Amino acid sequence: MRNLVKRNFMTSASISHLTNEHIDWLRALDFYDKEIGFMQTRLAEIASKNDGEEVMKGVEHFQNQFIIQKNNIDELQHDIKINLQQLSHEATNAIGYEIFSLYEHESMREDFMGFEKIMLDLRHEFNHFLSKWM
């Protein structure tokens, strides 16, 4: 998902604003991580009550998706924390200036927004699966 924003797109913004947005993303990722945990519990309930081939294919599909999305959460959290460290470094070295290049931030925002769309679609698909098999 990286490199969706052209390198020559450079502008500046308040480091405190960028930091706040990073913290919001980390909170949202924590929420999604917990939500996947809840969905895994519900999936285990379905698997224990239904052993048909169609159900098991769905269970396997969602198990794989949950693993993939948990990995995506871990990667995004790591990238955001690294960027927060960079912002902190910028803040301590910028005497009187809270200016930071937005390229990395914009790229990370695109990654986060893409992840959120995937999670919304996955939630919708999973709820449909639940309604069919619960």
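**Arg 123 and its partner**

I looked up Arg 123 and found it partly exposed, with a relative accessible area of 22%. I note here that the model is a predicted one. Which residue does Arg 123 meet in a salt bridge? I found Glu 35, with 2.6 Å from N to O between the two side chains. I then checked where the two sit: Glu 35 is in helix 1, residues 15-49, and Arg 123 is in helix 3, residues 103-133. The pair links distant parts of the chain, 88 residues apart.

Is Glu 35 buried or exposed? Its relative accessibility is 12%, so I entered Glu 35 as buried. The limit for buried is under 20%, and Arg 123 at 22% is therefore entered as partly exposed.

**Salt bridges within one helix**

I took the count for the model next: 10 salt bridges. I had in mind that side chains of opposite charge can pair when their charged atoms come close.

I looked at Glu 45 and Arg 42. They form a salt bridge, and their closest N and O atoms are 3.7 Å apart. The cut-off is within 4 Å, so a pair at this distance is counted. Both residues lie in helix 1, 3 residues apart, which is about one turn of the helix. For exposure I wrote down 28% relative accessible area for Glu 45, partly exposed. Arg 42 has 34% and is also partly exposed.

I turned to helix 3 for Glu 106 and Arg 109. The closest N and O atoms of this salt bridge are 2.5 Å apart. How far apart are Glu 106 and Arg 109 in helix 3? They are 3 residues apart, so about one helical turn separates them. I found both Glu 106 and Arg 109 buried. I followed the shared partners and reached Glu 21: salt bridges join Glu 21, Glu 106 and Arg 109 into one network.

**Aromatic rings**

I searched the whole structure for aromatic pairs and got 8. One of them is Phe 62 with Phe 66: the ring centres are 6.1 Å apart and the planes stand at 35 degrees, so I entered the pair as tilted. Stacked would need planes under 30 degrees apart, and edge-to-face over 60. Phe 62 and Phe 66 both lie in helix 2, residues 53-93. They are 4 residues apart, about one turn of the helix. Both are buried.

I then looked at Phe 62 with Phe 126. This aromatic pair is edge-to-face, with 5.1 Å centre to centre and 75 degrees between the planes. Which helices hold Phe 62 and Phe 126? Phe 62 lies in helix 2 and Phe 126 in helix 3, so the pair ties together parts that are 64 residues apart in sequence. For the relative accessible area I noted 2% for Phe 62, buried. Phe 126 has 1% and is buried too. Tracing the ring pairs, I got a cluster that links Phe 62, Phe 66, Phe 126 and Phe 129.

**Confidence**

I checked pLDDT last. The mean for the chain is 85, and 81% of its residues reach 70 or more. Where does pLDDT stay under 50? I found this over residues 1-11. For residues 1-11 the model has 25 contacts beyond four places in sequence.

Technical notes:
Residues numbered from 1 in each chain as written. Predicted model: local features only at pLDDT ≥ 70, side-chain atom pairs only at ≥ 80, totals over all residues. Heavy atoms only, no water. Buried < 20%, exposed > 50% of the residue type's maximum accessible area, 1.4 Å probe, protein only. Phe/Tyr/Trp six-rings, centres within 6.5 Å; stacked < 30°, edge-to-face > 60°. pLDDT = per-residue confidence, 0-100. Contact = heavy atoms within 4.5 Å.
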